[in-house]
Amino acid sequence: MVKVDSFPYPFKGDVYRYSNNSVPLEEQSSVEVTSSYQNEIRLKRELLTHHPERCFQSRRHTLKAQWEVTELVIQHLTTYYPQQFSLEKNAGKWTFHNHILNEQTTYILGDESTLSMEPLDFIGRHVQEDLILMMQRDGDLYLDAGQLCFPANWSLAFNTGMRFKEIHKPIPEFKEEGLDQRILTFLMRMEAGDPWVRRNWSLMAGNRLDTSLETFDQWGKDRRQVTGENVGEFVHLRVEVQKLFRLPGSNGLLFTIHTHLLSLEKFTRNPDWTEEFYQILQELPSHISDYKGISLFKDVVIDYLNEKRVMK
């Protein structure tokens, strides 16, 4: 969970539609360390231990890009969080120190035999973000590797190897409105050293981070448990801060996804947010509500927000 004052509020205006809402990333760090670091790293490692195929996938040709991701993320960790992370280079060997967890790892950059796992899997165990790697070839983007522990109702194992448009095909009106091609074109034109960021949102019943498609039977039923009495504490706004980086060596694209959850009870402590989200939900088209999985309890949320509004 995050505090209200640091929550990445995702909206601009009283109307929400699918769009390419990416903006230039000002502080060019791919990762962020929050007060939830230790709890979320512990959960990620448990999921990776018990569900490795669900949480990590890679194609062999991505190894060079995986090393680039590792180098980039370590550079950002040691630059923006120097008290928590450091790196030593000695006679070709790199030693990465995670001072929060009191861990150190020595390896040779580019030599996979010096790590006990693939590079993307290694560095992903030290950051709260999920790490998705898309490779560009034949005029298209392919999801070819990823460490994904906190997905919002999708499957890494199912999507690995798919093209960008194939992955986004289930989103209603996405293709019909030409968004798939416009966003693909934008991504293909991204350049190294020019990162972008976007925020995606959904509502969920409960506060699970690991809402994978494979475990829908465990958390999907919670959508029917929302009531007027429990909605404030039970329903959470889920926001993914997605950062996009072009990798100069391999020409791959790194997506880092940091997931934040905030209960409606805490969310509504901000009157401006409450008013704007109330207007958005009232006007939200049914095909977006259905795709985001909120149709079953949207009216209960609207009633709750209405009660919390500060009428102007």
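**View 1. In what order do the strands of the open sheet of three strands run?** The order is 3-4-5, with antiparallel pairing. What you see is a predicted model, in which local features need pLDDT of at least 70 and side-chain atom pairs count only at pLDDT 80 or more, while totals for chains, interfaces and linings use all residues. Residues are numbered from 1 along each chain as its sequence is written, and side-chain values use heavy atoms, with hydrogens and water left out. Helices (H or I, at least four residues) and strands (E, at least two) are DSSP runs, numbered from the N terminus; two strands pair if DSSP finds at least two bridges between them.

The open sheet 3-4-5 has strand 3 and strand 5 (103-107) as its edge strands, each pairing on one side only. On average, neighbouring strands here are turned by 15° against each other, direction ignored. Helix 3 packs on this sheet and touches strand 3, strand 4 and strand 5, its direction making about 120° with that of strand 3. Contact means heavy atoms within 4.5 Å; axes are lines fitted to C-alpha atoms, for helices over the stretch in contact, and angles run from 0 to 180 degrees between N-to-C directions.

**View 2. Here is the hairpin of strand 3 and strand 4.** Strand 3 (residues 85-90) pairs with strand 4 (residues 93-98) in the antiparallel sense, over six bridges. Look for S86 opposite H97, and for E88 opposite T95. Two residues lie between the strands, and A91 takes a positive phi near 55°.

**View 3. Seven strands form an open sheet with antiparallel pairing.** Follow the order 1-8-9-10-6-7-2. Strand 1 (23-24) and strand 2 (56-58) stand at the edges with a single partner strand each, so one side of each is left without a neighbour in the sheet. Helix 11 (residues 271-283) packs on the sheet, touching strand 8 (196-205), strand 9 (235-246) and strand 10 (253-263), and its direction makes about 75° with that of strand 8. At the strand 2 edge, the partner is strand 7 (residues 140-147), paired in the antiparallel sense over three bridges; F56 has Q147 as its bridge partner in strand 7.

**View 4. Helix 11 meets helix 13 (residues 298-308).** Their axes come within 9 Å and cross at roughly 145°. The crossing is left-handed, meaning that the near helix is turned anticlockwise from the far one by less than a right angle (clockwise would be right-handed). T274, F277, Y278, L281 and Q282 of helix 11 make the contact with K298, V301, I302, L305, N306 and K308 of helix 13.

**View 5. This close-up shows the second largest pocket, with about 190 Å³ of space.** A pocket is found on a 1 Å grid over the protein atoms alone, as an open set of points where a 1.4 Å probe fits, with protein on both sides within 12 Å along at least five of seven lines; lining residues have an atom within 4 Å of a point. Grid points are joined across faces, edges and corners, and a volume is the space filled by probe spheres set on the points. Of the 15 lining residues, L72, G193, F245, R246 and P248 are the closest to the centre. Helix 3 (63-80) gives the most to the lining, with five residues.
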